[in-house]
Amino acid sequence: MAVPPARIGWLPIGALGLLALALGTLQSVVEPALPLLQRKLGVSPSEGALVANTLLVTGAVVTPVAGKLGDRYGGKRVLLALMALVSAGGLLAGLAPNLPVLLLGQVLQGVMVGALPLSFILVRTHLPAAQSQAAIGFVIALFTGGGIAGTMLAGPVADALSWQWMFLLPTIAVVATTPAVARLLPHDPPAASGERIDWPGVALLSGTLLAFMVGLVSVARHSLPPYAIGALAVLVVVLATGWVAVERRAVSPMVDLRMLARPVMWQACLLTFVITSSLGMVVFLLPQLFALPAGGYGFGADTTGIGWYLLPGAIAGAVSDSVGGLAARRFGPRAVVLAGAVVTAATMTALAALHSSAWHLVLAKVLTAFAAGVGTTALVAHTAAAVDPRDTGIATGLLVVTRVIGVALGAQIAGAILDAGTGPAGLPAESAFTTGFAVAGVVAALSLLAVRITKKGARV
């Protein structure tokens with residue numbers, strides 16, 4: 001007879017919540033501090049984009065396998081192992097003397113994305129259904145709160161101590177909280193599962209994304225000959241083709257590409273990718289413009305000032321996650337995506353023409369963050385309800401991966417645009433920002449085309 005799982009009280013849930021708070025803070029300190037990191041490390045905008053994107057890439061490849069690892073080895077054991085990697089990554093980032101070491105730290109920190117699903121699994125295992133919903137909401141709220149705290153605290157910490165402490169302080173909190181989680185949460189036995197972990201798929205997807213982003217940096221910053229550009233393009237295509245081939249043959253693929261044959265899935269993934277690509281460009285471009293010297297087209301903001309400017313957008317993004325599902329049920333996901341695309345495209349078009357005041361940028365961040373959050377959450381909610389209950393994890397995992405890839409590639413493209421528009425003084429020209437905002441608007445407008453393409457026979 002199977003032994004029922006041990007029940008827990010709110011003290012272990014509190015420990016998980018504090019861990020989520022520390023992780024959210026560690027994840028969010030980079031966005032307002034990117035211009036500072038670029039100056040301190042002497043790197044270009046596109047290289048700076050890699051700092052944030054390596055974390056996202058790791059998250060994209062860890063998320064689909066975290067649950068399987070938890071099933072095989074036990075959720076608590078895997079969660080603690082991930083926290084050890086996150087702690088090592090935070091320490092590396094905090095002690096990094098150069099860009100490569102900082103990137104390695106960000107790669108290790110990126111496994112934190114797999115910690116939240118494992119936390120949810122543990123909560124559902126050790127709490128009754130009614131209480132588990134409240135506990136999951138509590139953990140998510142603290143993770144979101146940590147994201148807002150990281151945006152606000154990055155500047156004051158960097159000013160009072162140094163930029164290294166932006167990573168070290170949240171890492172110390174992770175290191176301090178993890179033993180409490182280990183002590184308070186009971187062990188969960190591994191589930192009987194014959195599924196293998198698709199390590200070749202993990203490696204190929206990671207290689208494809210990193211090769212694409214490094215290729216963008218190389219093309220934008222260095223005058224590469226045509227044959228070198230062609231070689232980079234061939235490498236990306238070969239890696240991507242290899243990943244698709246492996247996933248199609250794998251018994252337990254990290255991403256079940258067969259799901260993409262279903263209209264509800266490929267339509268949702270296409271729309272999510274377009275929406276988040278535009279958002280990724282906005283997320284990267286705004287701090288760069290805030291940080292440029294005042295007196296011209298910049299605003300001379302330090303990291304603290306950038307954090308204050310980005311705060312309303314961070315709050316709008318957090319609120320949008322709770323609104324998206326309600327909007328999808330009330331108006332349908334297609335209408336929500338259309339409205340968000342119109343708002344984003346109009347906002348970016350206006351910003352390309354008018355960005356002379358800080359409030360223009362603040363309002364643009366609020367509108368685009370809310371529109372993208374509502375749209376992607378509506379797509380996730382609708383897709384989860386449309387597929388078979390047994391496929392909910394696979395379907396939502398696909399959308400999470402698509403969302404991360406869209407944001408990362410959008411930011412990297414924006415960095416390449418700024419690199420291409422950098423003048424002799426080492427600063428991006430105003431025309432580079434104008435081009436970036438215009439391209440973000442065009443990408444957002446592609447959502448309208450994507451909705452049109454998927455309209456016939458659509459279930460989205």
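Phe290 is buried, at 1% relative accessible area. This is a predicted model, and Phe290 is a good place to enter it. Its ring has a partner in Tyr309. The two ring centres lie 4.4 Å apart and the planes meet at 10 degrees. Planes under 30 degrees apart count as stacked, so Phe290 and Tyr309 are a stacked pair. Tyr309 is partly exposed, with 27% relative accessibility.

The pair also links two helices. Phe290 sits in α11, residues 263-291. Tyr309 belongs to α12, residues 303-331. The pair therefore ties together parts that are 19 residues apart in sequence. Phe299 joins these two residues, and Phe290, Phe299 and Tyr309 make up one aromatic cluster.

The structure holds three aromatic pairs in total. One of them is formed by Trp163 and Phe167. Here the centres are 6.3 Å apart and the planes stand at 90 degrees, an edge-to-face arrangement. Both Trp163 and Phe167 are buried.

Back to α11. This helix packs against α2, residues 30-41, with the axes 8 Å apart and an angle of about 55 degrees. The two helices are therefore oblique to each other. Their crossing is right-handed.

Which residues meet where α2 packs on α11? From α2 come Glu31, Leu34, Pro35 and Gln38. From α11 come Val283, Phe284, Pro287, Gln288 and Ala291. By type, the contact of α2 with α11 has six nonpolar residues, two polar and one charged.

Note on methods: Residues are numbered from 1 along each chain as its sequence is written. This is a predicted model: local features need pLDDT of at least 70, side-chain atom pairs count only at pLDDT 80 or more; totals for chains, interfaces and linings use all residues. Side-chain values use heavy atoms; hydrogens and water are left out. Rings of Phe, Tyr and Trp (its six-membered ring) pair if their centres lie within 6.5 Å; planes under 30 degrees apart count as stacked, over 60 as edge-to-face and the rest as tilted. Buried means under 20% relative accessible area, exposed over 50%, partly exposed in between (1.4 Å probe, protein chains only). Helices (H or I, at least four residues) and strands (E, at least two) are DSSP runs, numbered from the N terminus. Axes are lines fitted to C-alpha atoms, for helices over the stretch in contact, and angles run from 0 to 180 degrees between N-to-C directions. Angles under 35 degrees count as roughly parallel, over 145 as roughly antiparallel, 65 to 115 as roughly perpendicular and the rest as oblique. A crossing is left-handed if the near helix is turned anticlockwise from the far one by less than a right angle, and right-handed if clockwise. Contact means heavy atoms within 4.5 Å. Ala, Val, Leu, Ile, Met, Phe, Trp, Tyr, Cys and Pro count as nonpolar, Asp, Glu, Lys and Arg as charged, and the others, Gly among them, as polar.
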